[in-house]
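Okay, thanks everyone, let's get going. I'll put the sequence and the model up, and then we'll walk through a few pieces of it together.

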Amino acid sequence: MKGPSYSATELLARLVSFDTTSHKSNMALVRFVEDYLAQRGVASQLVVNAEGSKANLFATIGPASVSGVALSGHTDVVPVDGQNWTSDPFVLAERDGRLYGRGTADMKGFLACALAAVPDFQRRQLKVPIHIAFSYDEEIGCLGVRPMISEFGKSLIKPRVVIVGEPTSMSVVDAHKGPVRWHVEIEGRAAHTSMAHLGANAITAAGSLLQELRLLEKELMVAPRNERFDPPYATLQVVRINGGTATNIVPASCSVDFDLRALPGVDTNTIDQRVHTFITRECLPELQHVAPEACINIAIANQVPPFAADANSEAVALALNLAGQNETYAVSYATEAGLFQDAGSPSVVIGPGDIAQAHTADEWIAKDQIEKCSRFLSRLADWAENNSN
Ligand SMILES: [Zn+2]
């Protein structure tokens, strides 16, 4: 086909050079991928956000009208602010068999392997097509992929299988936890601290809520448990608190954020209801006793569904087969797999690099992980060429 071939490492260097920190545009990277594919005769479909500043990219190699295997990855990376890097995070640097740069492990390494495999995919007579499905804003709550998934079955063909290439050191992951993040705003009434009986202390109300959340955290440590996960229970943490204005004022406002990492099967609605009920029955009456205008607002700020593949998942069976493994793993970090799975595309998580390096200063990926992933994709092409159903 047309266009020069690039190694996965060369492509990784290009991808790393685009600063796609989540709060920035990913369009330069998307245009690069679009051009790379166009040079090989592969058309891209973009799902652009309302501002035109970010896009998902979807492309198909092989028969366009057939549902195939999607190689899914996010294009955004976490910030480098406040991190102490040995070399420029946006210039790929090779040292001792490792490739350093922001996003090398999470997860431009996988994107590079997928793109480098395109000429190989094209040389084959694929019976099952291979889709490229690159998203944005994954690192801020799997937000960007959702409008792309909404197009499945409409402007985009719904994948038969989705391989999410988050860093698993090329192990097959068939389950992960799902984060839910709540934001609570407490409004009491300010007063001079010498006249405290005239005030409704928002921080004190937050304190009651914190105690209840601690109780809930301890309950979740006991049940339900699933020993496949580390830790083997849902975790709940208060992660941020803001309140008070001065040391001589009864604080009128306080906000609390808390984060739940739910195991698959945990009913997060029940937890949501319980916190709502506690606020209505315990926190609010105390405030309103003095300040009838007091109020507490609680809302879910972000939620990513947990992921659990079906017992007879085609995606898991395929990944195990291609990886030459017979064991699957569960992880505690979230990915887009739960969203794909819930939308009806059987999903699995397997990708190069170690999650331990994700988000860190001097993030790196081992070169042999890139090679392992490339071999995995080559076997995927073998399968897609010979698969008849
Ligand atoms: Zn990631």
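So, to start: which residues in α8 are buried? They are Ala315, Val316, Leu318, Ala319, Leu320, Leu322 and Ala323. By buried I mean under 20% relative accessible area, with exposed being over 50% and partly exposed in between, using a 1.4 Å probe and protein chains only. Helices here are DSSP runs of H or I with at least four residues, strands are runs of E with at least two, and both are numbered from the N terminus.

Quick housekeeping before I go on. This is a predicted model, where local features need pLDDT of at least 70 and side-chain atom pairs count only at pLDDT 80 or more, while totals for chains, interfaces and linings use all residues. Residues are numbered from 1 along each chain as its sequence is written, and side-chain values use heavy atoms, with hydrogens and water left out.

Back to α8, residues 314-323. With 7 of its 10 residues buried, this helix is largely enclosed by the rest of the structure. What do those buried residues pack against? The list is β3 (69-74), β7 (161-164), β8 (172-176), β16 (328-331), β17 and α10. Contact, by the way, means heavy atoms within 4.5 Å.

A strand with a similar story is β13, residues 253-262. Here 8 of the 10 residues are buried, so β13 too is largely enclosed by the rest of the structure. It pairs antiparallel with β9 (residues 178-187) over 10 bridges, and Val180 has Leu260 in β13 as its bridge partner. β13 also runs antiparallel to β11, with 8 bridges joining them, and there Asn242 stands opposite Ser255 of β13. For pairing, DSSP has to find at least two bridges between the strands.

Now the small sheet. It's open, has 3 strands in the order β4-β5-β18, and the pairing is antiparallel. β4 (93-95) and β18 (364-366) are the edges, and each has a single partner strand, so one side of each is left without a neighbour in the sheet. On average, neighbouring strands in this sheet are turned by 25° against each other, direction ignored. β4 and β5 (residues 98-100) are antiparallel over 3 bridges, and Arg95 has Arg98 of β5 as its bridge partner.

Two helices lie across that sheet. α3 (residues 104-116) lies across β5 and β18, at about 55° to β18. α10 (residues 367-386) lies across β4, β5 and β18, and its angle to β18 is about 60°. For these angles, axes are lines fitted to C-alpha atoms, for helices over the stretch in contact, and the range is 0 to 180 degrees between N-to-C directions.

While we're on α3, where does Met107 sit? It's in this helix, and a cis peptide bond joins Asp106 to Met107, with omega about -10°. There's another cis peptide bond between Ala223 and Pro224, omega also about -10°; Pro224 is in the loop between α6 (202-222) and β11 (235-243).

On to helix pairs. The axes of α6 and α7 (residues 268-290) come within 10 Å and cross at roughly 150°. That makes α6 and α7 roughly antiparallel, the cut-offs being under 35 degrees for roughly parallel, over 145 for roughly antiparallel, 65 to 115 for roughly perpendicular, and oblique for the rest. By class, their contact has 13 nonpolar, 1 polar and 4 charged residues. Nonpolar covers Ala, Val, Leu, Ile, Met, Phe, Trp, Tyr, Cys and Pro, charged covers Asp, Glu, Lys and Arg, and the others, Gly among them, are polar.

The other pair is α2 (residues 27-38) with α3: the axes come within 11 Å and cross at roughly 20°. α2 and α3 are therefore roughly parallel. Leu29, Val33, Tyr36 and Leu37 of α2 meet Lys108, Leu115 and Ala116 of α3, which divides into 6 nonpolar, no polar and 1 charged.

Last item, two positive phi values outside glycine. Asp137 has phi near 55° and is found in the loop between β6 (130-135) and α5 (145-150). Is Asp137 buried or exposed? Buried, at 9% relative accessible area. His359 has phi near 75°, lies in the loop between β17 (347-349) and β18, and counts as partly exposed at 37%.
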